[in-house]
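Visitor: Could you take me through one part of this protein at close range, and then show me how the surroundings are put together? I work with coordinates all day, so please keep the details in.

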Amino acid sequence: MNQGLPLLIHIHDPNRTPRHFVVASNRWLIPAPRPDRRLIRRLRPSAWGGTAMPKFRRSMFTLTLSALLVALTAAPASAATVYATGFEHPPVSTAWQEYFTGQQFDGWTVTAGTVDTVTLWQDAEGRQSLDLNGSLDGSIARTLPTQLLTTYKVTFAVAGNTEGPPVVKSGKVQVNGQDVDTFTFSIAGKNISSMGWVYRSFYFTNLLSTSSVLQFAGTSATKWGAVIDDVKVESCLLILCPASASAVNRID
C-alpha cells in the first residue's frame with residue numbers, strides 16, 4: 001500500500017452514481033471532489049493517441065513530417081566511388097609497356113603471366129588501357145577497402161586486341177579468389193581506330209572482411225587478349241542495387 005502519496009480511486013456501481021475516493025491512509029477512504037469536466041475535455045485523447053496536441057506543436061510536427069517525405073522521395077545521391085582507374089599511370093611513352101609476374105604498377109600487382117599497358121589504339125577513356133595478355137595469359141590484382149555487409153558495384157569497359165587471333169577474346173574477374181564475372185569480346189569488324197568498347201558491371205556483397213582483393217585475368221591463351229579500361233568500384237546505394245538477389249555475388 002502507498003505510504004506517503006494519496007491515491008485517487010474510482011468506484012463504479014451500475015446501480016448508483018460513480019464516485020471517487022482519495023486514499024488518505026492505509027485505512028481511510030475520503031470522498032474526492034467531482035472532476036472538472038472542462039479539464040477532462042481539454043485532456044481527452046486526441047487522434048494521435050495521447051492528449052490533445054497544442055496548435056504550435058501540431059504545426060511543427062506537420063513541417064517535420066513534410067520535410068521527411070520530401071527527403072525520402074527526392075532523387076537519390078550518386079553512389080560513393082571506392083576506386084577508379086583508367087590505367088594511366090605510369091604514363092607509357094611507347095606503343096605498350098609489358099609487366100611480368102610480381103611487378104607492380106599504379107597499385108596493381110601482376111599475379112600471373114604478363115600484361116601490357118597500351119597506347120596503340122582507341123581507349124575507352126584517357127590514353128592508356130590494359131591488355132590482359134602480354135606474351136601469354138596474365139592477371140592483375142589489388143586490395144580495396146570494404147565495409148562489412150556492404151554491396152559493391154564494379155563497372156569496366158571491355159574490348160579486344162585487334163592485332164592477332166583469336167577473334168573472340170575472353171577473361172574473368174575474381175573477388176577474394178572467387179569467380180564473380182566472365183566475359184568474351186569479338187574483334188570482328190573492329191580495328192585500332194574503332195575498338196567497339198562495351199561496358200560490363202557486376203555486384204558483390206562483402207560479408208565479413210575489411211578489405212577485398214579484386215583481380216582481372218585474361219583467358220584467351222594468346223598474346224593478343226581481352227582489353228579492359230575505365231574500371232570503377234562503387235558502394236551500392238539501396239536504389240542502385242539489383243532487384244534479383246541472384247545477381248549479387250556474396251564474398252566471405
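Guide: Happily. A word on naming comes before anything else: helices and strands here are DSSP runs, with at least four residues for a helix and at least two for a strand, and they are numbered from the N terminus. Please also keep in mind that this is a predicted model.

Let us start at Thr151. This residue is found in strand E11, which covers residues 150-160. Thr151 has a relative accessible area of 16%, and because buried means under 20%, Thr151 is counted as buried. Its side chain makes a polar contact with the side chain of Thr205, at 2.7 Å. Leaving aside residues up to four places away in sequence, Thr151 touches Tyr203, Phe204 and Thr205, and also Glu234, Ser235, Cys236, Cys241 and Val248.

From there we can step out to the surface. Leu148, Leu149 and Leu208 make a nonpolar surface patch of about 370 Å². Leu208 sits in the loop between strand E14 (198-206) and strand E15 (211-218). With 70% relative accessibility, Leu208 counts as exposed, since the cut-off for that word is over 50%.

Next, some strand pairing. Strand E6 (residues 104-105) pairs with strand E7 (residues 108-112) in the antiparallel sense, over two bridges. Phe105 has Trp108 in E7 as its bridge partner. E6 and E7 form a hairpin with two residues between them, and in that turn Asp106 has a positive phi of about 50°. E7 has a further antiparallel pairing, with strand E10 (residues 139-145), over three bridges. Here Thr109 stands opposite Ala141 in E10.

As you like backbone torsions, here are two cis peptide bonds. One joins His89 and Pro90, with omega at about -5°. Pro90 lies in the loop between strand E4 (81-85) and strand E5 (96-100). Another cis bond runs from Pro165 to Pro166, where omega is near 0°. Pro166 brings us back to the strand we began with, for its place is in the loop between E11 and strand E12 (168-175).

Positive phi values also turn up in loops. Asn176 is not a glycine, yet its phi is positive, at about 55°. This residue lies in the loop between E12 and strand E13 (178-186). Asn176 has 31% relative accessibility and counts as partly exposed. Ala221, likewise a residue other than glycine, has a positive phi near 55°. Its place is in the loop between E15 and strand E16 (226-235). At 67% relative accessibility, Ala221 counts as exposed.

Finally, let us zoom out to the whole protein. Its secondary structure comes to two helices and 17 strands. Of its 252 residues, 36% count as buried, and Thr151 is buried too. Among contacts with a separation of 6 or more, 67% are between residues 24 or more positions apart. The accessible surface comes to about 15,200 Å², and carbon and sulfur atoms account for 58% of that area.

Note on methods. Residues are numbered from 1 along each chain as its sequence is written. This is a predicted model: local features need pLDDT of at least 70, side-chain atom pairs count only at pLDDT 80 or more; totals for chains, interfaces and linings use all residues. Side-chain values use heavy atoms; hydrogens and water are left out. Buried means under 20% relative accessible area, exposed over 50%, partly exposed in between (1.4 Å probe, protein chains only). A polar contact is a pair of N or O atoms within 3.5 Å; within protein, one must be able to donate a hydrogen and the other to accept it, and residues adjacent in sequence count only if both atoms are side-chain atoms. Contact means heavy atoms within 4.5 Å. Patches are made of residues with over 30% relative accessible area and no salt bridge: like charges are joined within 9 Å, nonpolar side chains (Val, Leu, Ile, Met, Phe, Trp, Tyr) within 5 Å. Accessible areas come from the Shrake-Rupley method with a 1.4 Å probe; for residues, only the protein chains shown count as cover. A salt bridge is a side-chain nitrogen of Lys or Arg within 4 Å of a carboxyl oxygen of Asp or Glu. Two strands pair if DSSP finds at least two bridges between them.
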